[in-house]
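Q: Please examine one helix of this model closely, together with the elements packed around it. I should like a single connected account, with the cut-offs behind each term.

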Amino acid sequence: MNSLLFIEDDDGIRVALTLALEDEGYEVVEAPDGRAGLAAFAEKEPDLVLLDLRLPDMSGFDVCRQLRSRSLVPIIIVTAQTDPYDLVAGLEAGADDFLSKPFSFVVLVARLH
């Protein structure tokens, strides 16, 4: 697994995490919102998707459902939302894992492996 799509609207988080993941050997494609993420996915399916739930144009849950309807690619939700209902809703939408922000980068890398 070495290509990754990161859908995150916070520029600071997206850029910092992208740089750190690239240092770990991942090829990262960034998307600042759901529509851009879906377009990037359609252009070249990655090995894995990191997906924020709070996006400016559409719900991360909707993005997850659309991705899952097209592919079995692993999807990890990374979000500041910590409500157990969000975790359950994310898993029901098709996510494979869930990380609450803030999280340790080493934990993220371990889950990516």
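A: The account below begins with the conventions, then takes up helix 2, its N-terminal end, and the helices beside it.

This is a predicted model, in which local features require a pLDDT of at least 70 and side-chain atom pairs count only at pLDDT 80 or more, whereas totals for chains, interfaces and linings use all residues. Residues are numbered from 1 along each chain as its sequence is written, and side-chain values use heavy atoms, with hydrogens and water left out.

Helix 2 spans residues 34-43; helices (H or I, at least four residues) and strands (E, at least two) are DSSP runs, numbered from the N terminus. Its buried residues are Gly34, Gly37, Leu38, Ala40 and Phe41, where buried means under 20% relative accessible area, exposed over 50%, and partly exposed in between, with a 1.4 Å probe and protein chains only. Viewed down the axis of helix 2, these buried residues fall within an arc of 160°, so they line one face of the helix; the arc is taken over the directions from the helix axis to the C-beta atoms. An α-helix has 3.6 residues a turn, so residues three or four places apart point the same way. On the other side of helix 2, Arg35, Ala42 and Glu43 are exposed.

The buried residues of helix 2 pack against three strands, namely strand 1 (3-7), strand 2 (27-31) and strand 3 (48-51), and against helix 3 (60-70). Contact here means heavy atoms within 4.5 Å.

The start of helix 2 has polar contacts of its own. A side-chain oxygen of Asp33 reaches to within 3.3 Å of the backbone nitrogen of Arg35. A polar contact is a pair of N or O atoms within 3.5 Å; within protein, one must be able to donate a hydrogen and the other to accept it, and residues adjacent in sequence count only if both atoms are side-chain atoms. Asp57, from the loop between strand 3 and helix 3, also takes part: a polar atom of its side chain lies 2.9 Å from the backbone nitrogen of Gly34, and a polar atom of that side chain lies 2.9 Å from the backbone nitrogen of Arg35. Leaving aside neighbours within four places in sequence, Asp57 is in contact with Asp33, Gly34 and Arg35. Asp57 counts as partly exposed because its relative accessibility is 27%. Asp57 and Ala36 are 21 residues apart in sequence, with 9.7 Å between their C-alpha atoms.

The relation to helix 3 can be stated geometrically. Two packed helices are described by the angle between their axes and the distance between the axes. For helix 2 and helix 3 the angle is about 15° and the axes are 10 Å apart, which makes helix 2 roughly parallel to helix 3. Axes are lines fitted to C-alpha atoms, for helices over the stretch in contact, and angles run from 0 to 180 degrees between N-to-C directions. Angles under 35 degrees count as roughly parallel, over 145 as roughly antiparallel, 65 to 115 as roughly perpendicular, and the rest as oblique. Helix 2 passes helix 3 in a right-handed crossing, and the contact is made by Gly34, Leu38, Phe41 and Ala42 of helix 2 with Val63, Gln66, Leu67 and Arg70 of helix 3. A crossing is right-handed if the near helix is turned clockwise from the far one by less than a right angle, and left-handed if anticlockwise.

Helix 3 itself has Gly60, Phe61, Val63, Cys64, Leu67 and Arg68 as its buried residues. Seen down the axis of helix 3, they fall within an arc of 160°, so they line one face of that helix. They pack against strand 1, helix 2, strand 3, strand 4 (75-79) and helix 4 (84-93). At the start of helix 3, a side-chain oxygen of Ser59 comes to within 2.9 Å of the backbone nitrogen of Phe61.

Helix 4 packs with helix 3 at an angle of about 25°, with their axes 8 Å apart; helix 3 and helix 4 are therefore roughly parallel to each other. Phe61, Cys64, Arg65 and Arg68 of helix 3 meet Asp86, Ala89, Gly90 and Ala93 of helix 4. Among these, Arg65 counts as partly exposed, at 43% relative accessibility. Arg65 and Leu53 are twelve residues apart in sequence and 12 Å apart in space, C-alpha to C-alpha.
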